[in-house]
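Thanks, everyone, for making the time this morning. I would like to walk through one model with you, a few parts in turn, so please have the viewer open.

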Amino acid sequence: MERMLAKEQIGDWIRTLRGWEVFGPVLQDGVWSYQPADTVQLDHPNTAQPPKGFAFPQREVFFTFEQIKGEPPRLTPVAPKGGQQVVFGVRPCDARGLPRMDRVFTETFDDVYYRTRRGSLAYVGLACNQPPSPHCFCKSVGGSPVSTEGLDVLMTDLGDRYLVAAVTATGEKLMQAAGDLLTEPTGVDRSEAGRLRLAAITHPQRAVNDVASVPPRLKKGFDSSLWEDLARPCISCGICTFLCPTCHCFDINDETNGSTPLKGSRVRTWDSCQFPDFTMHSSGHNPRETLGSRLRQRVCHKFQYFHENFGMFQCVGCGRCVAGCPVGIDIIAVVNQVAASAGEG
Ligand code: SF4
Ligand code: SF4
């Protein structure tokens with residue numbers, strides 16, 4: 001289903017979405033993030049963080065506990081939030097993060113917290129007529145500025161109006177709620193959308209070289225000295241992983257509320273393979289002790305191991321880790337250099 005929406009009516013559409021909690025990109029203190037919204041203005045660059053947290057929040061309580069002397073421990077489960085949420089303005093690369101997270105949290109292992117949130121989440125995407133970041137490389141990793149993978153609806157900005165296209169049955173329901181606000185596209189609308197899509201997919205981007213050869217080359221380059229050389233400036237801050245729409249490592253801790261160690265919550269929080277103690281064993285041995293071994297893990301997980309396991313790259317080419325790294329470590333350059341050196345000789 002394809003329909004047209006006048007730009008000034010997007011708030012009217014959102015008001016028809018009864019029962020849905022609506023989010024959109026908002027600029028606050030110089031930072032773009034997804035916030036509750038009763039209307040949205042979709043002229044945003046990449047949000048600082050992807051929308052990953054809607055399905056996989058940075059902090060999630062599993063249950064609370066309390067031990068009272070002489071009584072059995074009391075455990076109170078905390079159900080995952082299940083209300084319907086719809087996020088407007090999702091970039092196609094970020095939307096492709098969701099099916100990759102699904103592989104981990106619903107196929108490899110059934111994570112009820114993720115599955116519950118994911119099952120009530122919808123993405124209304126915005127095609128990238130222009131790359132929103134100079135570091136975009138979605139086309140290198142199987143995506144496109146007009147990709148619909150992971151989206152329920154894709155909107156294309158035609159200047160004063162949007163072409164709104166349903167991708168899933170949920171997307172159709174969201175569009176049906178709009179009723180007469182959405183109108184039949186004209187031939188002019190369709191040809192303008194086609195022209196913009198063609199321009200978007202031919203717009204130059206940064207690129208991973210010969211990407212099909214990357215998984216075997218990274219495998220061959222496992223012991224390359226380049227890993228330590230390229231990782232030397234890394235300060236192990238973990239920003240690259242916390243900004244990534246596909247990174248999904250987590251830790252689980254018991255948090256107590258100060259006064260007594262016997263009352264608190266079991267909490268899952270994001271973790272990072274770039275933290276030195278991520279793989280620290282209780283013996284004190286750390287199999288990824290060096291910066292290079294940790295950079296290799298991040299890069300090979302995205303470009304080799306995930307590809308071997310699921311037939312797809314775990315990187316969607318959003319460029320956030322490149323833009324956000326405080327010391328300029330650039331995953332595109334790292335992949336290209338290690339793969340090139342492994343292809344020599
Ligand atoms: S690895 Fe970097 S470029 Fe790739 S999806 Fe994650 S943050 Fe984006
Ligand atoms: S953002 Fe840069 S410095 Fe920080 S952990 Fe990642 S690669 Fe290292």
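Helix H9 bends by about 55 degrees at histidine 301, and I should say at once that this, like everything I show today, is read from a predicted model. The helix runs over residues 291-310, which makes 20 residues, and from its first C-alpha to its last it reaches 27 Å, close to the 28 Å expected at 1.5 Å a residue. Directly after H9 comes glycine 311, with a positive phi near 70 degrees.

Which residues of H9 are buried? Before the bend position we find Leu291, Arg294, Leu295, Arg296, Arg298, Val299 and Cys300, and after it Lys302, Phe303, Gln304, Phe306 and His307. As a reminder, an α-helix has 3.6 residues a turn, so residues three or four places apart point the same way. The cover over the buried residues of H9 includes four other helices, namely H6 at 214-220, H7 at 226-231, H8 at 239-242 and H11 at 331-343.

Let me turn to helix H2, residues 92-108, where a similar check can be made. Its 17 residues should span 24 Å at 1.5 Å a residue, and because the end C-alpha atoms are 24 Å apart, the expected and computed values agree. H2 also bends, by about 35 degrees, at aspartate 102. Its buried residues are Pro92, Cys93, Asp94, Ala95, Arg96, Gly97, Leu98, Arg100, Met101 and Phe105, and these pack against strand E6 (85-90), helix H3 (112-119) and strand E7 (121-126).

Strand E7 is also where valine 124 is found. Is valine 124 buried or exposed? It has 29 other C-beta atoms within 10 Å, and because 20 or more are enough for the label, valine 124 is buried. Leaving aside neighbours within four places in sequence, valine 124 is in contact with Val86, Val87, Phe88, Val90, Asp152, Val153, Met155 and Leu174. For leucine 174, the C-alpha atoms of the pair lie 9.2 Å apart in space, although the two residues are 50 residues apart in sequence.

Now to the domains. The domain assignment divides the protein chain into domain 1, residues 2-202, and domain 2, residues 211-343, and the centres of domain 1 and domain 2, taken over C-alpha atoms, are separated by 25 Å. How many residues of domain 1 are in contact with domain 2? There are 32 of them, and they meet 27 residues of domain 2. On the domain 1 side, strand E4 (59-66) and helix H2 each supply at least two of the touching residues, and by class that side holds 13 nonpolar, eleven polar and eight charged residues.

Arginine 266, in strand E11 (residues 263-270), is worth a look here. Apart from neighbours within four places in sequence, arginine 266 is in contact with Phe62, Phe63, Phe65, Ile252 and Asp254. With 17 C-beta neighbours inside 10 Å, arginine 266 counts as partly exposed. Its C-alpha atom is separated by 47 Å from that of methionine 4, which is 262 residues away along the chain.

Next, two backbone positions that I would ask you to inspect. Aspartate 29 has a positive phi, near 50 degrees, in a residue other than glycine; aspartate 29 is found in the loop between strand E2 (21-28) and strand E3 (31-36), and with 5 C-beta neighbours inside 10 Å it counts as exposed. Aspartate 210 also has a positive phi, near 40 degrees, and is found in the loop between helix H5 (187-202) and H6. Because it has 13 other C-beta atoms within 10 Å, aspartate 210 is partly exposed.

Finally, the ligands. Around ligand 1 there are 13 residues, of which Cys244, Cys315, Cys318, Arg320 and Cys321 come nearest, and the shell divides into eight nonpolar, three polar and two charged residues. Ligand 2 is surrounded by Cys234, Ile235, Ser236, Cys237, Gly238, Ile239, Cys240, Gln274, Cys325, Pro326, Val327 and Ile329. The shell around ligand 2 has nine nonpolar and three polar residues, and no charged ones.

Technical notes:
Residues numbered from 1 in each chain as written. Chains lettered and ligands numbered in written order. Predicted model: local features only at pLDDT ≥ 70, side-chain atom pairs only at ≥ 80, totals over all residues. Near = placed C-beta within 6 Å. Nonpolar A, V, L, I, M, F, W, Y, C, P; charged D, E, K, R; others polar. Expected span 1.5 Å × (residues − 1). Bend = angle between axes of the 7 residues up to and from the residue. Buried ≥ 20, exposed ≤ 12 C-beta atoms within 10 Å, placed from the backbone. Contact = placed C-beta atoms within 7 Å. Domains from an automatic or database assignment.
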